[in-house]
Amino acid sequence: MTTEQMPGRVVPTLEAVAARAGVSRATVSRVVNGSPKVTAEVVAAVERAIADLNYVPNRAARSLASRRTQVIALVLPESTAKVFADPFFASIVQGVALALADTEYTLNMVISSETNPDKTRRYLMGGNVDGALVVSHHSGDHSYAQLGASLPLVFGGRPVSESEHSSYYVDVDNVAGAQVATQHLIDRGRRDIALITGPQDMPAGLDRYTGWKQAMSQAGLDTSLVAYGDFSPASGSDAMRRLLADGRRIDGLFAANDQMAAGAYSAIHEAGLSIPGDIAVVGYDDDNFGLMSSPPLTTVHQPSIGLGEAMARVLVRLLAGEPVDRVTLLPTELVVRQSS
């Protein structure tokens with residue numbers, strides 16, 4: 001017998017996974033429980049079978065049916081250094097905690113291993129949690145989306161791939177936010193407005209580039225002053241230096257986050273230029289990097305705490321069996337300071 005009946009569907013068993021992977025039931029059990037006494041080749045075969053069959057360990061199925069764990073995981077598929085250095089993640093954690101404070105759910109934070117992401121998948125599917133929130137600057141990679149058929153999941157950020165649009169996610173309207181930021185510079189009389197954007201495999205990098213380009217195109221302005229960073233201050237400095245080294249006139253800059261804007265500040269000052277006299281600068285996020293910059297940075301406020309709260313509320317409603325929109329978009333707001 002390879003399957004069990006549950007209301008509305010047939011659930012694969014350990015035996016079914018073993019048959020698909022061509023191994024014994026005991027071997028599958030060892031893989032599911034994270035035993036180190038299994039070769040990487042066998043682990044890969046079992047995990048392929050688990051994914052193909054959408055298998056959930058029995059204890060996890062019982063847990064999901066009864067909601068007995070009362071635990072929600074916040075999965076951060078980033079390096080530990082990035083998580084603890086970036087204020088974005090602290091705000092997300094704060095928002096999630098606020099939303100769960102009046103519920104019976106406990107929050108577990110999981111920093112997903114970059115070298116062994118399957119370890120996190122096994123944890124999520126092992127009956128340890130009732131549902132999960134997944135948030136990353138690489139949020140376009142909905143690499144955990146395949147688990148959504150068996151475990152309620154909500155992502156922070158939209159998927160890049162059209163094929164992954166079945167995911168539940170919460171995001172801000174990055175295109176509109178970037179348009180407003182760029183239009184602000186245009187309204188200030190700036191015409192040669194450069195962009196420092198993030199990697200184009202990230203939704204924030206893509207969408208903020210799109211918003212800048214749309215505003216520039218609508219004003220009939222040049223859209224070729226573009227450099228790329230990775231959302232870190234150092235990448236903002238490097239990108240600004242490349243833009244300035246090109247020798248073309250620049251009187252405005254939109255940086256796709258405040259960290260890169262702060263890095264651009266140093267390159268602008270190194271070149272003997274002033275802010276906003278020579279180059280007006282607008283960032284995105286409204287975090288401490290913008291507040292601590294001199295002059296204080298004009299920026300687009302991204303409600304990061306609100307993003308965390310909204311993600312948690314969507315997941316709690318999913319766990320309660322309530323109808324939920326697959327997409328929740330939060331508005332942004334321009335915060336004008338002395339840099340523009």
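In the predicted model, Ala 194 of strand β8 stands opposite Leu 253 in strand β10. This pair belongs to a longer contact between the two strands: β8 and β10, the latter made of residues 252-255, pair in the parallel sense over four bridges. Strand β8 also pairs with strand β9 (residues 226-228), and here three bridges join the two strands, which run parallel. Within that pairing, Leu 195 has Val 226 of β9 as its bridge partner. In general, the strands of a sheet pair through backbone hydrogen bonds, in either a parallel or an antiparallel manner.

The surroundings of β8 were examined next. Five of the five residues of this strand (residues 193-197) are buried, so β8 is largely enclosed by the rest of the structure. A residue is counted as buried when its relative accessible area is under 20%. The burial applies to both faces of the strand: Ile 193, Leu 195 and Thr 197 are buried on one side, and Ala 194 and Ile 196 are buried on the other. Strand β8 is followed through helix α9 (residues 203-218) to β9, and the three elements make a right-handed β-α-β unit.

A further set of strands forms an open sheet. Its six strands are arranged in the order β4-β3-β5-β6-β7-β13, with parallel pairing. The edges are formed by β4 (106-111) and β13 (327-330), each of which pairs on one side only. From one strand to the next, the twist averages 20 degrees. Inside this order, strand β6 (residues 153-156) and strand β7 (residues 169-172) run parallel and are joined by two bridges. Phe 155 has Tyr 169 in β7 as its bridge partner.

Helix α11 was checked for its length. With 13 residues at 1.5 Å a residue, α11 should span 18 Å, and its end C-alpha atoms are 19 Å apart, which agrees. The expected value follows because the rise is multiplied by one less than the number of residues. Several residues of α11 are buried, namely Asp 258, Gln 259, Met 260, Ala 261, Gly 263, Ala 264, Tyr 265, Ala 267 and Ile 268. As background, an α-helix has 3.6 residues a turn, so residues three or four places apart point the same way. Just after α11, Gly 272 takes a positive phi of about 80 degrees.

Two cis peptide bonds were identified, and both precede a proline. The bond from Ile 275 to Pro 276 is cis, with omega near 5 degrees. Pro 276 is found in the loop between α11 (258-270) and β11 (280-285). The bond from Ser 294 to Pro 295 is also cis, with omega near 0 degrees. The loop that holds Pro 295 lies between α12 (288-292) and β12 (298-301).

Positive phi values also occur in residues other than glycine. Phe 231 has a phi near 80 degrees and lies in the loop between β9 and α10 (233-245). With a relative accessible area of 3%, Phe 231 is buried, because burial requires a value under 20%. Asp 286, which is not a glycine either, has a positive phi of about 65 degrees. The place of Asp 286 is in the loop between β11 and α12.

Conventions:
Residues are numbered from 1 along each chain as its sequence is written. This is a predicted model: local features need pLDDT of at least 70, side-chain atom pairs count only at pLDDT 80 or more; totals for chains, interfaces and linings use all residues. Side-chain values use heavy atoms; hydrogens and water are left out. Buried means under 20% relative accessible area, exposed over 50%, partly exposed in between (1.4 Å probe, protein chains only). Two strands pair if DSSP finds at least two bridges between them. A crossover is right-handed if, with the strands pointing away from the viewer, the path from the first strand over the helix to the second runs clockwise. Axes are lines fitted to C-alpha atoms, for helices over the stretch in contact, and angles run from 0 to 180 degrees between N-to-C directions.
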